[in-house]
Amino acid sequence: MKYFSYVIGSKDPIGKTYVGWTTNVKKRIQKHNSGKGAKSTRGRKWTLIYKKTFFNKVDAMKSEYLIKHNKKLRNLIRKKFEKK
């Protein structure tokens, strides 16, 4: 089974990002956009801006933690998204 760490971004407000992990990125983004995802993601239109594939849950969760707690890395990912 594949696991993914991902970052989604919203252009309203500019620069808002959310980091998570999942086994199905497409379904997870649909949940975020339908208001059934994490509480902090409700009411916005989200777009996938980064994903990385792993073959075990622990590595995906470690990657999620790293991105959430490394402001430089998260800002780098966010800035690439804002340029689009």
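Which strands does helix α3 (residues 71-82) lie across? In this predicted model, helix α3 lies across β1, β2 and β3, and its direction is at about 130 degrees to that of β3. The three strands belong to one open sheet, ordered β2-β1-β3 with antiparallel pairing.

**The sheet**
- The order of the 3 strands in the open sheet is β2-β1-β3; β2 and β3 (47-54) therefore stand at its edges, and each of them has a single partner strand, so that one side of each lacks a neighbour in the sheet.
- On average, and with direction ignored, neighbouring strands of this sheet are turned by 15 degrees against each other.

**The β1-β2 pair**
- Strand β1 (residues 3-10) runs antiparallel to β2, and 7 bridges join the two.
- Two residues illustrate the register of this pairing: I8 stands opposite Y18 in β2, and G9 stands opposite T17 in β2.
- Strand β2 (residues 16-22) is mostly covered, with 5 of its 7 residues buried.

**F55 and the start of the chain**
- F55 is located in the loop that links β3 to α2 (57-69).
- The relative accessible area of F55 is 66%; because this value lies over 50%, the residue counts as exposed.
- Leaving aside residues up to four places away in sequence, F55 touches M1, K2 and Y3.
- One of these, K2, is 53 residues apart from F55 in sequence, yet the two C-alpha atoms are 4.9 Å apart in space.

Methods: Residues numbered from 1 in each chain as written. Predicted model: local features only at pLDDT ≥ 70, side-chain atom pairs only at ≥ 80, totals over all residues. Heavy atoms only, no water. Buried < 20%, exposed > 50% of the residue type's maximum accessible area, 1.4 Å probe, protein only. Helix = DSSP H or I, 4+ residues; strand = E, 2+ residues; numbered from the N terminus. Pairing = 2+ DSSP bridges. Axes fitted to C-alpha atoms, helices over the stretch in contact; angles between N-to-C directions. Contact = heavy atoms within 4.5 Å.
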